[in-house]
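Got the viewer open? Let's walk through this one stop by stop, with something to select each time.

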Amino acid sequence: MENNIKIFNTLTRKVEQFVPNEEGKVSMYTCGPTVYHFAHIGNLRSYIMEDVLEKALRYAGYDVKRVMNITDVGHLSSDADTGEDKMLSGAKREHKTVMEIAQFYTDAFFSDCEKLNIKRPDVVEPATNCIDEFIHMIEVLLEKGYAYIAGENVYFDTSKLTDYYVFSSQSEKELMVGVREDVSEDENKRNKSDFVLWFTKSKFDNQELKWESPWGLGYPGWHIECSCISMKHLGERMDIHCGGVDNIFPHHTNEIAQSEAYLGHKWCNYWFHVHHLNDKTGKMSKSKGDFLTVSLLEEKGYHPLVYRMFCLQSHYRKPLEFSYEVLDNMANAYGKLRRTAAKLNADTVLDENAFAEYKGKFLDAIAEDLNTSMALTMVYEVLKADISDKTKLELLKSFDEVLSLDLTAGELQDDDSGVDAELETYILAKIEERKAAKKAKDFARADAIRAELLEKGIVLEDTREGVKWKKA
Ligand code: AMP
Ligand code: ZN
């Protein structure tokens, strides 16, 4: 069973059969959050889809070990090693120390993950825990001639590689399109694409956390942490590495450059990248300041798992535009699913054949480059199918090992739309009654129904697709 997973590999730009280095085992690495602010729901789209990937691999029978770093040093305001450390700007913004900021936003990140049923990786390691490992890797890179010292910083020399742009034949200029922030040139660099391994001197020497090193008191560049932390826990050959598409360049390109230069052999076989969540003005980003968080969605009355379902209905390799309209539809759909599942009678008999058949179909869907919308369709097919309630329940529980939507956790207390099932039935009946009144040209009655619903906190909207309702 486990050999049927197919996944798009950014390295080869093809959907490939997934074959890990060691039979039955998967080593998986995820670039973790930069903990200078809350994660926005765009970041969390990446973590939701990576969680689905991990769970899909487990569902297919693999024993997965997953590692995630926490970026608490070295990620500068531009991905191209210029500007102030994001952690420092976060600390200044909140009049706290960098470590206080790191702890607070790391906890906030995992609390969001918990709400979204994102499993905590087996190993979570903050960058500031591994300074000795970084120094060691940089020393080896210097010894091997892949790195140089200039202006008191240590740089990786990308001209030493025959193929630096492993992910693409495009030039750096093209790759930088869509990457964050403007880039100002660092005159110490021998080549434009060189990147910092260790800073002892930057334009911003008010860096709060610094460590002794063979090159003086300083701090690591951003990329080195992922190479070192993954090797520390997963060894020299890794199966799959994940991140959002903005990580492809320069972050993952640089990770590969330094890791393979250090190791002298291929490092990671599969690269999994999640496309962005955009809002109407473009990519959602923390630096824009005004961004959506899980807590904000909760304040607006959405169950966090409605957002998870919103992500699952779209393929991870397509950009996804956030809209409240779609989220509202999803909230209705989610509430209905929970309600329908809650009505299934567990005291019926399990049909093992039907169970195996539908489970196989579900696995086929997720094995096809993580087709989560098809996997969701399978939930509806099961609910519609002519099989016993017990079989349906067991299938939902089984699918939920990957979807993690708490499908069988009972009816939502405070439903998607914020109304209970009884009120919803009442609203739908009133809408029908109003339709009939309008047809009969009894507009006074139609208006009275609208007013009556408004009194109960429900607003009606006449749209081209028919009458819609929402909470006032
Ligand atoms: P950061 O905390 O900025 O280091 O980003 C954490 C993760 O979120 C990385 O894997 C990014 O690639 C990813 N990411 C950033 N912005 C978005 C977005 N708008 N949509 C999806 N993923 C994103
Ligand atoms: Zn990384």
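Which atom of ligand 1 is 3.1 Å from an N or O atom in the side chain of Asn247? Select both and you'll see that an oxygen atom of ligand 1 sits at that end of the 3.1 Å pair with Asn247. Before going further, some housekeeping: residues are numbered from 1 along each chain as its sequence is written, and chains are lettered from A and ligands numbered from 1 in the order in which they are written. This is a predicted model, where local features need pLDDT of at least 70, side-chain atom pairs count only at pLDDT 80 or more, and totals for chains, interfaces and linings use all residues; side-chain values use heavy atoms, with hydrogens and water left out.

**Stop 1: around the ligand**

Stay with ligand 1 and add Thr34, which puts a polar side-chain atom 2.8 Å from an oxygen atom of the ligand. Then add Asn43, where a polar side-chain atom lies 3.0 Å from a ligand oxygen. (A polar contact is a pair of N or O atoms within 3.5 Å; within protein, one must be able to donate a hydrogen and the other to accept it, and residues adjacent in sequence count only if both atoms are side-chain atoms.) On its own, ligand 1 has 500 Å² of accessible area, and the protein covers 98% of that (Shrake-Rupley method, 1.4 Å probe; for residues, only the protein chains shown count as cover).

Now show the whole shell: 19 residues surround ligand 1, and Thr34, Gly42, Ser46, Asp246 and Lys286 come nearest (near means a heavy atom within 4 Å). Colour the shell by type and you get four nonpolar, eleven polar and four charged residues. Here Ala, Val, Leu, Ile, Met, Phe, Trp, Tyr, Cys and Pro count as nonpolar, Asp, Glu, Lys and Arg as charged, and the others, Gly among them, as polar. Helix H1 (41–59) gives the largest share of the shell, four residues. (Helices are DSSP runs of H or I with at least four residues, strands are E runs of at least two, and both are numbered from the N terminus.)

**Stop 2: the five-stranded sheet**

Switch to cartoon and pick out S5-S4-S3-S10-S11, the order of an open sheet with parallel pairing (two strands pair if DSSP finds at least two bridges between them). S5 (123–126) and S11 (268–274) are the edge strands, each with a single partner, so one side of each has no neighbour in the sheet. The twist from one strand to the next averages 20° (axes are lines fitted to C-alpha atoms, for helices over the stretch in contact; angles run from 0 to 180 degrees between N-to-C directions).

Zoom in on S3 (25–30) and S4 (63–70), which run parallel and are joined by six bridges. Tyr29 stands opposite Val67 there.

Next, select helix H7 (248–263): this helix lies across S10 (238–244) and S11, at about 170° to S11 (contact means heavy atoms within 4.5 Å). While you're in H7, look at Pro250: the peptide bond from Phe249 to Pro250 is cis, with omega near 5°.

**Stop 3: the hairpin**

Go to S1 (6–9) and S2 (14–17), an antiparallel pair over four bridges. Ile7 faces Glu16 across the pair. Four residues separate the two strands of this hairpin, and Arg13 in the turn has a positive phi of about 55°.

**Stop 4: the three-stranded sheet**

Finish with S13-S12-S14, an open sheet with mixed pairing. S12 (277–279) runs parallel to S14, with two bridges between them, and Leu277 has Leu320 as its bridge partner.
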